[in-house]
Structure formats: structure tokens, C-alpha cells
Amino acid sequence: MKSILVTVLALNCLYLYAEATDVKACPSKKSMIPISENTVDISNCVKGPCKLKRKTNISINQKFTPSEDIKSLTTTVFAEVLSLPLPFVGVDGTSACDFIFAEDGETKLGCPLKAGVPVVYKRSFPILEIYPKMSLTVHWELQGRGSKSITCFEVPAKIV
């Protein structure tokens, strides 16, 4: 009986961690890969508002399949507060290529990305203690050359 209970608890934990986060497409962007064709997993968040605890790291895993070859990727990340974009320091404007993995999530690929080949973008970032406690919308976008939107999502969040 005890082993059955442990198995059931373990399966429930796996289910919680395997469930994707409910995110929305960026309203002002038309991306190459619609968000409906992505799987996004934000640590400890299945549905917004995601709680971003100060002095912790948040991880994002995003699985997508490019529809065309992509030579390079840049991360654009900001918090929208009162309609003002406030960039996440150390993440916004950085290369996403170092965080691209094969579909298994373990084999590092980097750039360029090949059309039709599924990839996983894995990134973590700190929620700094200096961030004020507030509600906001996180805008997370991967851009190709010429600021072309490859994939983009938004999720409500709360810094706690």
C-alpha cells in the first residue's frame, strides 16, 4: 500500500512539472512561429499571474520548430508596467543562441537553427532584490535578423 501511495505522489509531481504554462501571443507582434505552436514552461507557474519571487531564479523552457532557417537569435525581454517597457537586466538584448538545445533538452545546438527541426530554448534569470513588488506583464520574444519576431509571448506576473 505504501509503495502505491509513493507511486501516485510521484506521478502527480511529474504531471505538475510537465504541464505547460498558459501564455498569450504578443498582441502587437506577428511572429514567424505562432505561440499556439510553442510549448512554454515557466518554473512554478502553470497559469498567470506567475509569482516571481525576489532573490530567486526563474527558468523558462520554450519548445518550437522554426519554419525557415534562422542564422541568429536575440532575446527581447521586458516587464510592461503602466504601459512602459522596463527591460530585464542581463537578459534583454542578449544572444539566445547559447541557450538553444535539441528536442531532448540536453544536447546543445546553438545557432543557426534549421527549418523543420524542433528546438528547446532554455533560459534562467534572476529576480533581483531591487525589483519592486508589483503586478506586471512579462513580454518574452526571440528575434532574428532585422528584429524579425520569431516567437513571442506575454504572461501576467507578480513580483513578490
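Which residue in strand 6 is the bridge partner of Ala79? Select Ala79 and look across to strand 6: the partner is Leu86. The model on screen is a predicted one.

**The hairpin of strands 5 and 6**

Keep this view and extend the selection to strand 5 (residues 74–81) and strand 6 (residues 84–87). The two strands run antiparallel and are joined by 4 bridges. Now pick Leu82, in the hairpin that links them. The hairpin has 2 residues between the strands, and Leu82 has a positive phi near 55 degrees.

**The whole chain**

Zoom out and colour by secondary structure. The protein chain contains 1 helix and 10 strands. Followed along the sequence, the order is α-β-β-β-β-β-β-β-β-β-β. Of the 160 residues, 38% are buried. Among contacts between residues at least 6 apart in sequence, 64% join residues at least 24 apart. Switch on the surface: the accessible area is about 9400 Å², and carbon and sulfur atoms account for 59% of that.

**The nonpolar core**

Hide the surface and show Ile42, Phe64, Leu73, Phe88, Val138, Trp140 and Phe153 as sticks. These residues touch the most other members of the largest nonpolar core, which has 36 residues. Strand 2 (39–42), strand 3 (50–52), strand 4 (56–64), strand 5, strand 8 (119–127), strand 9 and strand 10 (149–159) each supply at least two residues of this core. Strand 10 gives the most, with 5 residues.

Centre on Ile42 and display its surroundings. Beyond its neighbours within four places in sequence, Ile42 is in contact with Thr21, Val23, Cys50, Ile58, Ser59, Ile60, Phe153 and Val155. Phe153 is also one of the core residues listed above.

**Polar side chains in strand 9**

Next select His139, which sits in strand 9 (residues 134–143). Is His139 buried or exposed? His139 has a relative accessible area of 4% and is therefore buried, the cut-off for buried being under 20%. Show polar contacts from the His139 side chain. One goes to the side chain of Glu141 at 3.2 Å, and another to the side chain of Glu154 at 3.0 Å. Leaving out neighbours within four places in sequence, His139 is in contact with Cys26, Thr76, Val77, Phe78, Cys152, Phe153 and Glu154.

Move on to Glu141, also in strand 9. Glu141 counts as buried because its relative accessibility is 1%. Besides the polar contact with His139, the side chain of Glu141 has a polar contact of 3.3 Å with the side chain of Gln143. With neighbours within four places in sequence set aside, the contacts of Glu141 are Lys29, Thr74, Thr75, Thr76, Ser149, Thr151 and Cys152.

**The disulfides**

Select the bonded cysteines. How many disulfides does the structure hold? There are 3. With the bonded cysteines numbered in sequence order, the pairing is 1-6, 2-3, 4-5.

Begin with Cys26 and Cys152, both of which are contacts of His139. These two cysteines form a disulfide, with an S to S distance of 1.9 Å. The link is left-handed, with -80 degrees about the S-S bond. Cys26 lies in the loop between strand 1 (24–25) and strand 2, and Cys152 lies in strand 10, so the pair ties together parts that are 126 residues apart in sequence. Cys26 counts as buried at 4% relative accessibility, and Cys152 counts as buried at 3%.

Go next to the disulfide between Cys45 and Cys50, with S to S at 2.0 Å. The torsion about its S-S bond is about -75 degrees, so this disulfide is left-handed. Both Cys45 and Cys50 are buried. Cys50 also appears among the contacts of Ile42.

Finish at Cys97 and Cys111, which form a disulfide with their sulfur atoms 2.0 Å apart. The link is left-handed, with -90 degrees about the S-S bond. Cys97 lies in the loop between strand 6 and strand 7 (100–102) and Cys111 in the loop between strand 7 and strand 8, so the pair ties together parts that are 14 residues apart in sequence. Cys97 counts as buried at 12% relative accessibility, whereas Cys111 is partly exposed, with a relative accessible area of 24%.

Definitions and conventions: Residues numbered from 1 in each chain as written. Predicted model: local features only at pLDDT ≥ 70, side-chain atom pairs only at ≥ 80, totals over all residues. Heavy atoms only, no water. Buried < 20%, exposed > 50% of the residue type's maximum accessible area, 1.4 Å probe, protein only. Contact = heavy atoms within 4.5 Å. Areas by Shrake-Rupley, 256 points an atom, 1.4 Å probe, with all protein chains shown as cover. Polar contact = N/O pair within 3.5 Å; in protein donor to acceptor, adjacent residues only side chain to side chain. Pairing = 2+ DSSP bridges. Core = buried A, V, L, I, M, F, W, Y, C linked by side-chain atoms within 4.5 Å. Disulfide = S-S within 2.5 Å.
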